[in-house]
Amino acid sequence: MGNYPAAYQASAGVLDVDREFYSRIGAGARERVDSFVIPIRSGRAWTVPAGAVCRIVAVEGAQVGDLNLWNRHNPRERMWASRTRQLQRAHVSTHDRLWSTLPYLRPLATITNDTLADYGTDGDGGRVHDLLGTRCDPYVNRMLTGEDFDFHCHSNLTRAVLPYGLTEFDVHDVLNVFQCTGLNEDDRYFMKACPARRGDFLEFFAEIDLLCALSTCPGGDLSVPLWGPDARDPLEVCRPLGVEVYQPDPALLAGWQSPPTAAYANRHGMRMPTWA
């Protein structure tokens, strides 16, 4: 890749992250308050209170997980993958933030630890923790293969959020945790075998009260093609994922508060000014 300057650059440092604070959160004392394992080819939703840390763990080895985030009290505010790509990067890691949709536009979460942070860019241009693509879904699968399959990540997430009063319409573009992707020489999206090993994890700090949902991708570690002439059922490379929620030592949170929503006045030109 080239090194042309990024388009989204703040003039007043508003995109700067207090790395010292989040590093303390990542390394500091904490109490585990919840943990569970999500079986293969399924999904689960859970809540994380503001000021807590959530960790996603490759408990048995390589496995991709598709993550959605919402404001627990207002699901219209949810993770905005495309804006996060522009404000942060297309593959996120420690100290990157996951931003919310308009008209709220604020960090929902900040990544505090990533055991794959040193993966970098491989020989094919692949990187991990992908925001380039989105969840697999049964609609595209039907279009590409002519077959129905009800356990794609979109469907897993749909089932997961039903107990919280949400529906398929609330499922949105994901963070593909542990997924290795990039763009090939034809500028087309590719997916590679997941490099995560048993015990690897990605964790994030909840900036507001969150509802989270995670799908254990039916493609498993993506070492087996899902579409095309070499495609077959990758059941043997599917593994569960673990989720752990921690409450940091209250002393570590001194001075922190949830970020406000966007400061824009929401007029959109509907209140016309009196022109001189």
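A residue is taken as buried when its relative accessible area is under 20%. By that cut-off, eight of the nine residues of helix H4 (residues 153–161) are buried in this predicted model, so the helix is largely enclosed by the rest of the structure. The buried set consists of Cys 153, His 154, Ser 155, Asn 156, Leu 157, Thr 158, Ala 160 and Val 161. Packed against these residues are strand S2, strand S4 (65–71), helix H3 (138–145) and strand S12 (210–216). Ser 155 offers a convenient view of this environment, as a residue that lies within H4. With a relative accessibility of 12%, Ser 155 falls under the 20% limit and therefore counts as buried. Leaving aside residues up to four places away in sequence, Ser 155 touches Pro 138 and Asp 150.

It helps to set this helix against the chain as a whole. The fold comprises four helices and 13 strands. For 276 residues, a compact globule would be expected to have a radius of gyration near 19 Å, and the value for the chain, 19 Å, agrees with this. The C-alpha trace spans about 65 × 50 × 45 Å along its principal axes. Buried residues make up 49% of the 276 in the chain. Among contacts with a separation of 6 or more, 76% link residues 24 or more positions apart.

The surface and the charges can be described briefly. About 14,300 Å² of the chain is exposed, and carbon and sulfur atoms supply 50% of that area. The chain carries 27 positive and 34 negative charges, and the mean positions of these two sets are 5 Å apart.

Helix H1 (residues 19–27) gives a second example of helix packing. Here the buried residues are Phe 21, Tyr 22, Ile 25 and Gly 26. Viewed down the axis of H1, these residues fall within an arc of 135°, so they line one face of the helix. On the face turned away from the buried side, H1 carries the exposed residues Arg 19, Glu 20 and Ala 27. The cover over the buried residues of H1 includes several strands: S1 (30–38), S3 (53–57), S6 (97–99), S7 (107–114), S11 (201–206) and S13 (241–248).

Backbone geometry in the loops also deserves a look. Most residues other than glycine have a negative phi, and most peptide bonds are trans. Against that background, three places in the chain stand out for inspection. Leu 102 and Pro 103 are joined by a cis peptide bond, with omega about 5°. Pro 103 sits in the loop between S6 and S7. That loop between S6 and S7 is also the place of Leu 105, a non-glycine residue with a positive phi of about 45°. Leu 105 has a relative accessibility of 29%, and therefore counts as partly exposed. The other positive phi to consider belongs to Arg 41, at about 55°, and this residue is likewise not a glycine. Arg 41 is placed in the loop between S1 and strand S2 (43–48). Its relative accessibility is 16%, so Arg 41 counts as buried. Strand S2, at one end of that loop, is also among the elements against which the buried residues of H4 pack.

Terms used: Residues numbered from 1 in each chain as written. Predicted model: local features only at pLDDT ≥ 70, side-chain atom pairs only at ≥ 80, totals over all residues. Heavy atoms only, no water. Helix = DSSP H or I, 4+ residues; strand = E, 2+ residues; numbered from the N terminus. Rg over C-alpha atoms; globule rule 2.2 N^0.38 Å. Buried < 20%, exposed > 50% of the residue type's maximum accessible area, 1.4 Å probe, protein only. Contact = heavy atoms within 4.5 Å. Areas by Shrake-Rupley, 256 points an atom, 1.4 Å probe, with all protein chains shown as cover. Lys, Arg positive; Asp, Glu negative; His and termini not counted. Charge placed at Lys NZ, Arg CZ, Asp CG, Glu CD. Arc of directions from axis to C-beta.
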